Amino acid sequence: MEPVNIGILGLGTVGCGTVNVLSRNAKEITRRAGREIRIVQAAARSPDKKRECATEQIALTGNPEEVVNNPDVEVVVELIGGYEPARQLVLQAIANRKHVVTANKALIAVHGNEIFQAAQDKGVMVAFEAAVAGGIPIIKAIREGLAGNHIEWLAGIINGTGNFILTEMRDKGREFEDVLAEAQRLGYAEADPTFDVEGIDAAHKLTILAAIAFGIPLQFDKAYVEGITHITRADVMYAEELGYRIKHLGISRRNGNGVELRVHPTLIPERRLIANVDGVMNAVLVKGDAVGPTLYYGAGAGAEPTASAVVADIVDVVRTLTTDPNNRVPHLAFQPDALADIGILPMEQVTTSYYLRMQAQDRPGVLADVTRILGDVGISIEALLQKEPAEGETVVPIIMLTHRVVEKNMNAAIAAIESLDVIEGRITRIRLEHLNRDWD
Ligand code: NDP
Ligand code: HSE
């Protein structure tokens with residue numbers, strides 16, 4: 001059989017990882033795909049730059065349009081990242097009836113509905129396994145492996161950079177900026193690392209997971225997004241004292257009123273497996289009605305772990321090149337005309353438990369004032385820590401864990417507590433989830 005010719009856009013961390021894996025494992029990959037996979041052309045901003053991969057056999061160009069318009073290229077692998085020019089290039093490749101593989105979660109989360117419609121019209125595949133959780137085959141697991149289930153919820157550590165930062169801060173007491181710089185050196189971080197630390201990257205990935213889990217359109221603009229920049233070492237330590245770990249989670253859950261789509265730091269009981277997922281590793285918990293809870297774990301970023309997912313997609317595309325486009329696995333797991341119109345819940349309507357940390361004057365009656373305000377809106381306290389004031393200080397940290405309450409009521413309570421004369425500054429609020437089988 002003739003080899004399948006592919007063109008790669010981008011020869012950075014993931015692009016070079018893909019070239020290396022395709023070359024090193026060429027024989028095994030050909031045995032799996034049924035045809036040899038040959039990289040005929042690749043584009044990079046500076047094609048003459050020294051690379052982490054061998055490019056002697058590949059025609060290099062500084063113009064990515066040459067690749068998407070190259071008549072010899074059957075599959076375009078987009079590893080540039082970002083919204084533009086990636087969107088235009090992918091749409092041009094599709095218009096030219098080329099299949100597309102991409103690791104670009106920003107592109108899929110924000111422009112995926114348009115891209116999949118175009119791909120369907122042209123009968124081509126757009127594969128995006130590497131877009132979520134790096135090397136973990138989570139898209140395939142949910143879209144195919146769990147196809148018999150009514151999926152109830154999923155929760156995941158889906159940003160390697162953020163998890164690496166939180167782990168290093170907790171284990172080694174390192175400074176935030178210092179760990180972020182290391183994540184950038186290691187090739188984990190996005191081109192704009194605020195996407196990692198402000199939760200945008202995780203929200204892109206969560207948007208994709210929710211779409212394939214619940215059969216809903218991609219709705220990144222409705223996601224609630226909170227990053228890790230306000231997490232202090234003190235919060236990490238207090239959480240541990242109470243038996244919890246702070247992880248940056250993406251959570252999507254279907255309940256009677258809609259779908260929750262939220263990314264934020266979360267306290268989780270330290271005995272949960274997912275609480276012990278450290279460093280650049282990712283993990284996604286998915287609860288299906290038939291299978292129960294399932295957990296998927298692996299490297300969430302880095303050259304070869306991500307290349308592992310890119311190459312798996314290339315193999316998948318090659319295997320199905322000759323199949324009827326109407327009989328392929330749908331891009332978003334459900335048939336395009338069967339996507340559900342279930343609304344995304346505003347964060348104010350989400351119910352969760354909370355960790356609260358406040359600085360209070362060391363005077364009698366303060367705790368009574370705070371608990372009265374919480375009680376007035378139906379919030380009950382599960383645990384409480386009050387620390388001694390530091391030498392010469394008159395304020396003390398008070399840490400509380402609450403039972404579940406709708407976010408709107410918690411917002412009202414926090415505003416009322418912050419307005420008390422005896423409370424100094426803002427209250428730190430971190431959501432808490434037990435991640436039980438039945439989400440209670
Ligand atoms: P890099 O920044 O390392 O690489 C980007 C590549 O794209 C570079 O080779 C760059 O060229 C090239 N490029 C940028 N703009 C253009 C352009 N206009 N025309 C042609 N080439 C261009 O990014 P990564 O490899 O880290 O990420 C690639 C994608 O993979 C992103 O979507 C990212 O989100 C995703 N991803 C990354 C992971 C990781 O661990 N890094 C994990 C999972 C997904 P040059 O080298 O000459 O500057
Ligand atoms: N910047 C991303 C992360 C890359 O750290 O998870 C993998 O998607």
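The legends below describe close-up views of a predicted model.

**Figure 1. Domain layout of the protein chain.**
The protein chain is divided into domain 1 (4–135 + 303–338), domain 2 (138–299) and domain 3 (348–432). Domain 1 is thus listed as two segments, 4–135 and 303–338. Between the C-alpha centres of domain 1 and domain 3 the distance is 50 Å.

**Figure 2. Surroundings of Val76 in strand β4.**
Val76 is part of strand β4. With a relative accessibility of 0%, Val76 counts as buried. Apart from neighbours within four places in sequence, Val76 has contacts with Gly7, Leu9, Val68, Ala93, Lys98, His99, Val100 and Val101. Ser23 is 53 residues away from Val76 along the chain, and their C-alpha atoms are separated by 17 Å.

**Figure 3. The cis peptide bond before Pro85.**
Glu84 and Pro85 are joined by a cis peptide bond, with omega near 5°. Pro85 sits in the loop that runs between β4 (75–78) and α4 (86–95). As background, most peptide bonds are trans.

**Figure 4. Arg97, a residue with positive phi.**
Arg97 belongs to the loop between α4 and β5 (99–102). Its phi is near 60°, a positive value in a residue other than glycine. Most residues other than glycine have a negative phi. Arg97 has 51% relative accessibility and therefore counts as exposed, the cut-off for exposed being over 50%.

**Figure 5. Packing of helix α6 against helix α10.**
Helix α6 (residues 138–145) and helix α10 (residues 200–214) have axes that come within 9 Å and cross at roughly 15°. The two helices, α6 and α10, are therefore roughly parallel to each other. Their crossing, that of α6 and α10, is right-handed. On the α6 side Ile138, Ile139 and Ile142 take part, meeting Ile208, Leu209, Ile212 and Ala213 in α10. The buried residues in α6 are Ile138, Ile139, Ala141, Ile142 and Arg143. Besides α10, the elements against which the buried residues of α6 pack include β7 (151–157), β11 (281–288) and β12 (292–299).

**Figure 6. Helices α7 and α8 and the loop that holds Arg174.**
Helix α7 (residues 160–172) packs with helix α8 (residues 176–185) at an angle of about 135°, and their axes are 9 Å apart. The pair α7 and α8 is therefore oblique. The crossing in which α7 passes α8 is right-handed. From α7 the contact involves Thr161, Phe164, Ile165, Glu168 and Met169, and from α8 it involves Phe176, Val179, Leu180, Glu182 and Ala183. Arg174 is placed in the loop between α7 and α8. Leaving out residues up to four places away in sequence, Arg174 touches Glu168, Met169, Val179 and Glu182. Glu168 and Met169 are also among the α7 residues in the helix contact, as Val179 and Glu182 are among those of α8. Pro269 lies 95 residues from Arg174 along the chain, with 23 Å between the C-alpha atoms.

**Figure 7. The buried face of helix α11.**
In helix α11 (residues 233–241), the buried residues are Asp235, Val236, Tyr238 and Ala239. Viewed down the axis of α11, these buried residues fall within an arc of 170°, so they line one face of the helix. Gly243, just after α11, has a positive phi of about 90°.

**Figure 8. Contacts of Leu367 in helix α13.**
Leu367 forms part of helix α13 (residues 366–376). Its relative accessibility is 27%, so Leu367 counts as partly exposed. When residues up to four places away in sequence are not counted, Leu367 touches Leu384, Gln386, Ile398 and Met400. Of these contacts, Ile398 is 31 residues from Leu367 in sequence and 8.7 Å from it in space, C-alpha to C-alpha.

**Figure 9. Leu435, in the segment after β17.**
Leu435 is located in the segment that comes after β17 (423–432). Although Leu435 is not a glycine, its phi is positive, at about 55°. Leu435 has 7% relative accessibility and therefore counts as buried, the cut-off for buried being under 20%.

Methods:
Residues are numbered from 1 along each chain as its sequence is written. Chains are lettered from A and ligands numbered from 1 in the order in which they are written. This is a predicted model: local features need pLDDT of at least 70, side-chain atom pairs count only at pLDDT 80 or more; totals for chains, interfaces and linings use all residues. Side-chain values use heavy atoms; hydrogens and water are left out. Domain bounds come from an automatic or database domain assignment. Buried means under 20% relative accessible area, exposed over 50%, partly exposed in between (1.4 Å probe, protein chains only). Helices (H or I, at least four residues) and strands (E, at least two) are DSSP runs, numbered from the N terminus. The arc is that of the directions from the helix axis to the C-beta atoms. Axes are lines fitted to C-alpha atoms, for helices over the stretch in contact, and angles run from 0 to 180 degrees between N-to-C directions. Angles under 35 degrees count as roughly parallel, over 145 as roughly antiparallel, 65 to 115 as roughly perpendicular and the rest as oblique. A crossing is left-handed if the near helix is turned anticlockwise from the far one by less than a right angle, and right-handed if clockwise. Contact means heavy atoms within 4.5 Å.
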